Amino acid sequence: MPSQIQTLIDKASDYDKDERFMATSDLCNLLSKDTQAQLDPSLERRICACVLERLDDSSNDVQSIAVKCLGVLLVQVREDSIFTISDKLITLILTGNAELRDIYSIGLKKLIQSVPDASGVRVAPRLTPRLLGGIEQDKELGIKIECLDCLDALLKRFGSKSALQTSHETIMSKTLSQLSNPSSVVRKKSTAALGTLAVVVNDTLLFRLVETLMTQIGDGSSSSDKTKAHTLIKAMCQISSTVGYRLGKQLSRIVPIFEQFTDFHVAGFTADGERDEDVEEPDNEDVTNELRESCFNGFSSFVTRCPVEVKPHLSNIVKTSSTFIKFDPNYTYDSDSDEDEEKDDGDEDENMEEDDDDYSDEDEEDDTDDDDSSWKVRYSAVNALSAAIVSQKDNLSLLWEMNCLETLLSRFKEREENVRVESDRSKTAILALLSTICSAPGGLGEQKSVDVIMNAMDMTLSPSASKAIKLDSLLFLQSALKCAKGGHLPSTVQPHILTILPLVQSAAAEDWYKIIAEAIRVFSLVPALITAKDSEDNMSDSPPVDKDTTQKATDIIFASVEPRLKENDIDQEIKETSIVAMGELVSTLGNLLSSGQISSVLALLLERLGNEITRTAALKTLGKIASSPLKIDISSILSEATEQLAHFLRQHSRSLKLCVLETVSSLVQSNNNKMASSLFDLILTEAAPLITDADLQISHLAVNVSYDVLVSSKDSFQTIKSTTLPPLITLASSPLLQGLALDSTTKFLEELSIAGSSEVTFSEISAALYAAVDTEIRQQAMSNLSKSIAAICAVADSKLQEEVLKDLVADVNGADKLKRRLGLLTIGALGERVDLSSVPKLGDILLAAFSNEDDQTKAAAAFALGHVSVRAIDVFLPVILDALNNGTSIYLVLSSLKELIVCAISNGLEVESKYVDQIMPHLVTFCENDAEGVRSMAAECMGCFITMKPKQVLPVLKSLGESKMDGSDKSNLVLWSVATSVRNALGSKTVDLAALTEHMSGFLEYLKSEDFAVRTATLLMVNAAVWYQNTVITAQMADVVLPTLLTLLELKVIRTIDLGPFKHKVDDALPLRKACISIIDSALTRCPGLLPVAELLPKLACCLTDEPEVVLSCHQLIIKFTKLHPALVAQNVTLFLESGLEKTINKKIKDGAPATDREKAEELIKSAMRVAAEWQSIDDVSVSTSFGEFVERIKAKDNLALIWNEVLRNH
């Protein structure tokens, strides 16, 4: 290898430039093959000299390959050779041939980029003084420019290293001085270097840098030197774009300065972007426009990176940006529109003449596009307005007030390509935002705002629009046409149906499959929109959309979708969407289609059933058509389709089985009078094997299908008895049976008991159920059997019921433990369905079971007493109340009372007010019971009553709480119980929100209690409110809840417990902090707009040194905040690192620690690293000096580096 290298070195000096090029290239390739090889010192020096010499070569190609070779060489040579090369390059830049200075500069930047870190930290301090010297000299402008360029590269690579930190202040002062240089290139390079320097300097120097710039801008704004002002503002924008998140404290001074240069009245323009004739035009329009461009870029950066601090200025930024988006003084869009209209009229020749006149040579001399820099202003204004709109997605009032969405969408007529492209990017973001807004409360707003947006679709879906804009527009239309509950009203969109459909039809005829599929999805939503009413209470017979519009819409959709439905050789997504869209059309507007059209669609659906790719979509569509209220006639394919579906049930695909069962159910329900008995038997036979506890969802649907057959066909009892009943009995005795599957099972048995008569008798069903009871049966299985037995007993004749009840009572009083429990559970389940007050002394019998030694028997007795009271409350409630007065088995009696209330609510029954008045005093008494279990049960009962009788119970609880604020132990127990009862009520879907909202302020007073248990219970109540019913607490969130959270997050109350041999520290405030973090987590998920993120993040930093469970929760919160509010998190990264995140990562695990403790410690470290990994997705953090050094410290430790790499792989 040395001989080869020497040969190449000799050839590199050849007179032939091609020979020199090949020799240098071969040398580069040879060195790159083995980068680990150590070169001989003398050979190394010769190689370095050769490569440096080639930088002066007369051939540009040789110079280029020499620079490439330099990058390879630096990895292999010794450090002293690197010093030699760097010194030589900087010397050449400062004193070498001026014509080759750019090559020397490229070489030095290549060195800076390629030098190993270990050598680079020593090279950087050697280069810095000489680069600064080149910047200061004024003899040659080229030297100054190249030195600034190299300094920028040096700061990017090594600026954060300690070797250069001592030079930051000198670099800042010398670079600042160049902002006043007459050369625009020097000013530009200085601005870039300052932006890079801002990333690596500490907060003190950054503050001084910004203050210096603002002072100079203030001085420059009062002078006539617009160029200087432009440079300073450009520098400020550059700094903002790199470290904008660190400028929040100074933003109140920065923004007003920028606003001075974007005042359109001062600039001589009206609010419509037109020239104001009363104001003189500026002398240098290009400089002024560049100044405005820089200001708008600054606004965009401020809005994105400092969302909290910029809020006071946001309305002015939006107003100014909206105005300058239309700023095009050298072009009149109205005349352009007129020309377009004339073209549409077909007068092409005349237009060509007019165009020739309009664009004559004289006009071109006066005003050419090349001289027009106003597009840069519009471009940057679009950016600023887009950023403002995205930042206000949680509060759109400002956007609607200023019509800024309309303004932005109007820029589709933009003539300048750069602005149009950026406008497209902005519109993509805006359309995505609008899609999200559609599902938010209020949706797109009132009719006026919907009109503006829908009218803009004419531009976004026009043939000239880009594919990306069309796709985003179609996705937005899907969200808009759905008219989500609580969003905009259907009536606001319905007037635009005939305007939108032709645009969508054109999109559906395009070539790109994605646009076609999304266009067809829009078609699938139109039928539902046409028939939708603003309110469910609207009982008017008149359709929301007139008949002509509906017919036209139907014709357009059918004409667009049917050809796609017929095609075989098309994309799968188009096939599926076409099937779905046609199903929506036929099921909703099928009465407007001809019988021939419907027959054609049904035949195509039957064909698609045979194709595995389109089978699922065809099944769902067939089911939708079958269940349509229009009673669509599908008899032409009914038999064949049903047979196919029945056979599909044998396949292994779970999703297919689910879909088939739902479709078969729809077919049987809607077309049972057209189906032969053989089809019913086939369905029962294929569905029976699916009735197992292996998959309860499939079992539920299979039982439902069997139920539909049972109701529809009186000739299928024998098949049901032999095929369906055995697996159903097995399922009824399964401990896994629950939910919908249990409901469908009891419903089937109940109907079978009614309809079966002599074919399947009550005794046969009952005997089969009882036969499933054995000594190994579990409690849940026994509960399921009791409900099944109760279901068939409830529909039996009265005589049979009496016999069954006698047997059940005998079982309860008997000695057999299993029969006793089954009897109690069956009595309870039966009492929920029928009145059992006629059973002699039933209440006493059930109470007597409370004293049984078996806990499961006691629980069954409590269940039974509560459930039998539902249908006979006047008989059994006194029994419960008397038991409460006697004070025996209080917990069980309260359990019965809870069962009574819960069962009444689930069955849609109400407990009369007089009974509530009788019960509440007893519950209030137990609120101060010392046993937490009794208090919890009383709180559950009161919570149920809040759901059932809010206006009666809430005032009682509020008064009770107000009377117990004295701080005594008993009073605190009452407050705990009241707060817990309200928390239980908040979890109900039927709770009266208005009543709760009215009294919530009184319950929140408990947060002021000195008792930690009361405050914890109240915080848990708040958490339930935030998670389940956040509107209840919205009014008190800012003034009451959040200040409490901010205070409690830092609260620690540590006491030491003396346990004799050792002492144990307990933090009594730990449950409070856990509850606070739970509230923040819930709010972040359910109502993020209610959280003051800027205030919360510093408080969360305090929790990073808390107990491990708190720290883990805090890590999860920070990750969520990072995803939702990256700019605000970026401002606090350094605080998080210093407050405990790095300490957690560096925490040592004790040798010999138990395996569980070691796993917990490792998980805590991984959790902290996941936070850091998430931060890397924030641009501002990834370039941060402190964060970069933090990552380097992790990588420097082998054990942490392994974990870090694992976290990054899984991130």
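This is a short tour of the structure, stop by stop, with what to select and what you will find there.

Before you start clicking, keep in mind that you're looking at a predicted model.

**Stop 1: the closed cavity**

A search of the whole structure turns up 1 cavity of 30 Å³ or more. Its volume is about 40 Å³. To see the walls, select L481, V493, I497, I500, L501, V526 and L529. Two elements each give two or more residues to that lining: α28 (497-508) and α29 (513-531). Which of the elements gives the most? That's α28, with 3 residues. Colour the lining by residue class and you'll get 7 nonpolar residues, no polar ones and no charged ones.

**Stop 2: along α28**

Stay where you are and select the whole of α28, residues 497-508. Pick its end C-alpha atoms and check the distance: they sit 16 Å apart. That agrees with expectation, because 12 residues at 1.5 Å a residue should span 16 Å.

Now show the side chains. The buried residues of this helix are I497, I500, L501, L503, V504, A507 and A508. You've already met I497, I500 and L501 in the cavity lining. What lies over the buried residues of α28? The cover includes α25 (447-460), α26 (467-482), α27 (490-493), α29 and α30 (547-566). Try giving each of those helices its own colour.

**Stop 3: the second largest pocket**

Next, jump to an open space. The second largest pocket holds about 900 Å³. Its lining runs to 32 residues, so start with the ones nearest the centre: D203, Y245, R246, Q1131 and T1134. Then widen the selection to the elements that give two or more residues to the lining, which are α11 (184-200), α12 (203-221), α56 (1093-1102), α58 (1126-1145) and α61 (1185-1195). With 8 residues, α58 gives the most.

How does this lining divide into nonpolar, polar and charged residues? The split is 15 nonpolar, 11 polar and 6 charged. Back at the cavity, the lining had no polar and no charged residues.

**Stop 4: α61 and its cover**

One of the helices lining that pocket is α61, so select residues 1185-1195 next. Within α61, the buried residues are T1185, F1187, F1190, V1191 and I1194. Among the elements covering them are α11 and α58, which you saw at the pocket, along with α59 (1155-1175), α60 (1179-1182) and α62 (1198-1210).

**Stop 5: E1206, on α62**

Move on to α62 and pick E1206, which is found in this helix. Buried, exposed or partly exposed? E1206 is partly exposed, with a relative accessible area of 29%. Now draw a distance from E1206 to M1169, C-alpha to C-alpha: you should get 9.8 Å, although the two are 37 residues apart in sequence.

**Stop 6: S300, tucked into a helix**

Select S300, in helix α16 (residues 285-305). At a relative accessible area of 16%, S300 is buried. Which residues does S300 touch, leaving aside neighbours within four places in sequence? Add N383, A384 and A387 to your selection and you have them.

**Stop 7: the cysteines**

If you're hunting for disulfides, the search of the whole structure finds 0. Why is C944 not bonded to another cysteine? Zoom in on C944: the closest cysteine sulfur belongs to C941 and lies 6.5 Å away, which is too far for a bond. The cut-off used for a disulfide is 2.5 Å between the sulfur atoms. C944 counts as buried, at 15% relative accessibility. For another buried cysteine, go to C306, where the relative accessible area is 0%.

**Stop 8: two loops with positive phi**

Finish with a pair of backbone oddities. K841 is in the loop between α43 (817-831) and α44 (842-848). Its phi is near 50°, a positive value in a residue other than glycine. K841 counts as exposed, at 65% relative accessibility.

Then go to S889, in the loop between α46 (873-886) and α47 (890-906). S889 isn't a glycine either, yet has a positive phi of about 50°. At 34% relative accessibility, S889 counts as partly exposed.

Conventions: Residues are numbered from 1 along each chain as its sequence is written. This is a predicted model: local features need pLDDT of at least 70, side-chain atom pairs count only at pLDDT 80 or more; totals for chains, interfaces and linings use all residues. Side-chain values use heavy atoms; hydrogens and water are left out. On a 1 Å grid over the protein atoms alone, a cavity is a set of points where a 1.4 Å probe fits but cannot get out, and a pocket is an open set with protein on both sides within 12 Å along at least five of seven lines; lining residues have an atom within 4 Å of a point. Grid points are joined across faces, edges and corners, and a volume is the space filled by probe spheres set on the points. Helices (H or I, at least four residues) and strands (E, at least two) are DSSP runs, numbered from the N terminus. Ala, Val, Leu, Ile, Met, Phe, Trp, Tyr, Cys and Pro count as nonpolar, Asp, Glu, Lys and Arg as charged, and the others, Gly among them, as polar. Buried means under 20% relative accessible area, exposed over 50%, partly exposed in between (1.4 Å probe, protein chains only). Contact means heavy atoms within 4.5 Å. The expected span of a helix is 1.5 Å times one less than its number of residues.
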